[in-house]
Every structure is written in structure tokens, then in C-alpha cells.
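Let us walk through this structure step by step. Keep the model in view as you read.

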Amino acid sequence: MAEAVETMDGWYCLHDLRKIDWQAWKQATASQRDAAITEFQELLTKWDVIDEEKNGSHAVYSILGHKADLILMVLRPTLKELQEVELSFNKTALASFTKQTYSYVSIVELSKYMAKEGEKPEEHPGTQARLRPRLPKWEHLCFYPMDKRRQGEDNWYVLPMDERRRLMYEHGMTGRKYAGKIRQIITGSMGFDDWEWSVTLFAKDALDIKKLVYEMRFDEVSARFGEFGSFYIGNILPKDEVPSFLQV
Ligand code: 76R
């Protein structure tokens, strides 16, 4: 039996993907639309306070393509608070003009593959900050769920620890080339959702996302063991740009 790596777990995470029913939205009266926009902005203002007090964080991006128009990525200390956020959005007028086309429940995760003998990475202040991150306000977001393969010779879960550590080291080295260009949040979702991890990448330049994901495909760990779900890509939607985004 291979040894499981110990994980460090932080805030709970919801990726909430919404499609807007533009037809219904257009049919609403201008005052209904204005009220819905104001209510949504007020909700975002409440979340901003939580963000500033470091009791959670969130990101709102508009999504391109048919899979969604909007993503709300929310981090909270407990699953209960996370659900309250989902419910509070569902109860807004704007939500009644949306359909939840995908969602993903997970928890911010760091593993101890890189920890040295006797070291306690959970005690580093940097680790604590990464487990409870303030999401960046960078221009672009990319989100996708993924698994590590369990098939024939390529079964991640029977590889010895040293081998997994070697592969994760190589993975980290590729990732580090993008320091300052990409911020990644890895969340674990075993027992929580249909895939094993979610990957959220924030970038100032959208092309850096493509370059990183492409380059990683050649890392042994992604080439042999990476299985990927659907990809979502979007642009930041600041609170004050919500009215123009929803303008019809
Ligand atoms: O935490 C660390 O920074 C140490 C190194 C590291 C770990 C342990 C790291 C670095 N990652 C780790 C774990 Mn990652 N990561 C992904 C993807 O598309 C693909 O091919 C894979 C999706 C990307 C793009 C990415 C980016 N990483 C993980 C895990 C958990 C695996 C496990 O426990 O078995 C997954 C699923 C995963 C997937 N990773 C980095 C990055 C980047 C950019 C870095 C460098 C971070 C930095 O040093 O700033």
C-alpha cells in the first residue's frame, strides 16, 4: 500500500457557475432590473467586508462561451458559511434570471510533498496565508476540475511516495516559471465533489494561462496522470461594472 501524503486544508470553496436568461432579463421592467442590480451590488459589498476582515474571500468573473456567463468563486471558513453564501445569492432577484449550469465544492489544499524531514509547514505564516487566501483582482480567471489517473501502469494511488514527490517537484518547477504572472489556487474535493481537485488560475495576461497549462501537459505528472474536466475562462467583473455588464 502506498502512503497517503498529508494535506493541509484551509477555507471551503464554492465555484458557482451561472448562465443568464437574457430573454427573461430583457422582458423584466427597467425598474426590476435596476433593483436586481442594486441588490446584487449590495450583496457584493457585504462580501467585500468579509474579505477585508479576512473571514473569507470571493471573486466574480464573467465567463466566455456557452457553459456559463458568470462565475462566483467564494471561500469561507466553514461549509455552513459557504452554503449561506450560495443561499444568499439564490435568494436575490438577479439569481432568478440565472441558471446554475455548474458548481463545484472543495477546500483549499496544500500537500506536504515538499516538506523537509521534521519540518512543520503548517507553522509557516506563509502557509497559513495560502490556506486562507485573499483572491487576487487580476484580469482573468481559469477554472477546471481534475483527477489523477488510476489506470493500469498509470495509477497515481499506487506510486510510492518518493516517486510522487519527484513528480510533484517537477510540476512545481514548471509552475514557478510563472511566478508573478499566474496565481494558482488548488482545492481538494475528495468526498465533496465529482473530481479530486479544482484548479483556479488568476492571470494578468490570458495567454499566460494557455502557456502554463500547455507547458504542464509535458510534465510527467500531467502527461501520465492528469485527467481534466471542463475548462472555464473569463474576465474580471468589478462590482461597479455590473450595471454595464447587465445593460440591455
Ligand atoms: O504548493 C506549492 O507551491 C508547492 C508545489 C506544488 C504542489 C504541491 C504546486 C505548484 N502544485 C502542487 C500541487 Mn500545482 N497545479 C495544478 C495545475 O493543468 C495541469 O496540468 C495541472 C493543473 C496547475 C496549472 C498548477 C499550477 N497542483 C498540485 C495538485 C495536488 C496534487 C496532489 O496532491 O497529488 C494539483 C492537482 C495541481 C495541479 N502548481 C504549482 C501550479 C503552479 C503555477 C505552481 C507553482 C506555484 C509557485 O511556486 O508559485
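Helices and strands here are DSSP runs, numbered from the N terminus; a helix has at least four residues and a strand at least two. The model is predicted.

Start at the ligand. It is surrounded by 21 residues. The closest are Arg130, Tyr144, Lys148, His171 and Ser222. By class, this shell holds 12 nonpolar, 6 polar and 3 charged residues.

Which elements build the shell? Five of them each supply at least two residues: strand E5 (140–148), helix H5 (161–176), strand E8 (182–188), strand E9 (197–203) and helix H6 (206–217). Of these, H5 gives the most, with 5 residues.

H5 also carries His171. This histidine is the single protein donor to the manganese atom of the ligand. Its NE2 atom sits 2.2 Å from the metal.

Other side chains meet the ligand through polar atoms. In Ser222, an N or O atom of the side chain is 2.6 Å from a ligand oxygen. A polar side-chain atom of Arg130 also lies by an oxygen of the ligand, at 2.9 Å. For Gln184, the partner is a nitrogen atom of the ligand, and the distance is 3.3 Å.

Now turn to Thr187. It is found in strand E8, one of the elements that supply the ligand shell. Is Thr187 buried or exposed? Thr187 counts as buried because its relative accessible area is 0%, under the 20% cut-off. Its side chain makes a polar contact of 2.7 Å with the side chain of Ser106. A second polar contact, of 2.6 Å, links the side chains of Thr187 and Ser198. Beyond its sequence neighbours up to four places away, Thr187 touches Cys13, Ser106, Ile107, Val108, Glu109, Glu196, Trp197 and Ser198.

Cys13 leads to the next topic. How many disulfides does the whole structure have? The search finds 0. Why does Cys13 form no bond of this kind? The closest cysteine sulfur, in Cys142, is 14 Å from the sulfur of Cys13, so the two are too far apart for a bond. A disulfide needs the two sulfur atoms within 2.5 Å. Seen from Cys142, the closest cysteine sulfur is in turn that of Cys13. Cys13 is buried, with a relative accessible area of 0%. Cys142 also counts as buried, because its relative accessibility is 3%.

Next, look at a contact of strand E4 (residues 98–111). Ser103 lies in this strand. It counts as partly exposed, because its relative accessibility is 26%. Which residues does Ser103 touch, leaving aside its neighbours within four places in sequence? They are His15 and Asp193. Ser103 and His15 are 88 residues apart along the chain, and their C-alpha atoms are separated by 5.3 Å.

Tyr178 brings us back to H5. This tyrosine lies in the loop between H5 and E8. Tyr178 is buried, with a relative accessible area of 8%. Apart from residues up to four places away in sequence, it touches Asp208, Lys211, Leu212 and Glu215. The side chain of Tyr178 also reaches the backbone oxygen of Lys211, at 3.4 Å. Asp208 is 30 residues from Tyr178 along the chain. The C-alpha atoms of Tyr178 and Asp208 are 7.9 Å apart.

Two other loops complete the tour. Asp21 is in the loop between strand E1 (7–20) and helix H1 (22–27). With a relative accessible area of 37%, Asp21 is partly exposed. Its C-alpha atom is separated by 21 Å from that of Ala59, 38 residues apart along the chain.

The other loop runs between helix H2 (30–52) and strand E2 (57–63), and Lys54 lies there. Most residues other than glycine have a negative phi. Lys54 is not a glycine, yet it has a positive phi of about 60°. Is Lys54 buried or exposed? Lys54 counts as exposed because its relative accessible area is 57%, over the 50% cut-off.

Conventions. Residues numbered from 1 in each chain as written. Predicted model: local features only at pLDDT ≥ 70, side-chain atom pairs only at ≥ 80, totals over all residues. Heavy atoms only, no water. Near = heavy atom within 4 Å. Polar contact = N/O pair within 3.5 Å; in protein donor to acceptor, adjacent residues only side chain to side chain. Nonpolar A, V, L, I, M, F, W, Y, C, P; charged D, E, K, R; others polar. Donors = N, O, S within 2.8 Å, 3.2 Å for Na, K, Ca; no water. Buried < 20%, exposed > 50% of the residue type's maximum accessible area, 1.4 Å probe, protein only. Contact = heavy atoms within 4.5 Å.
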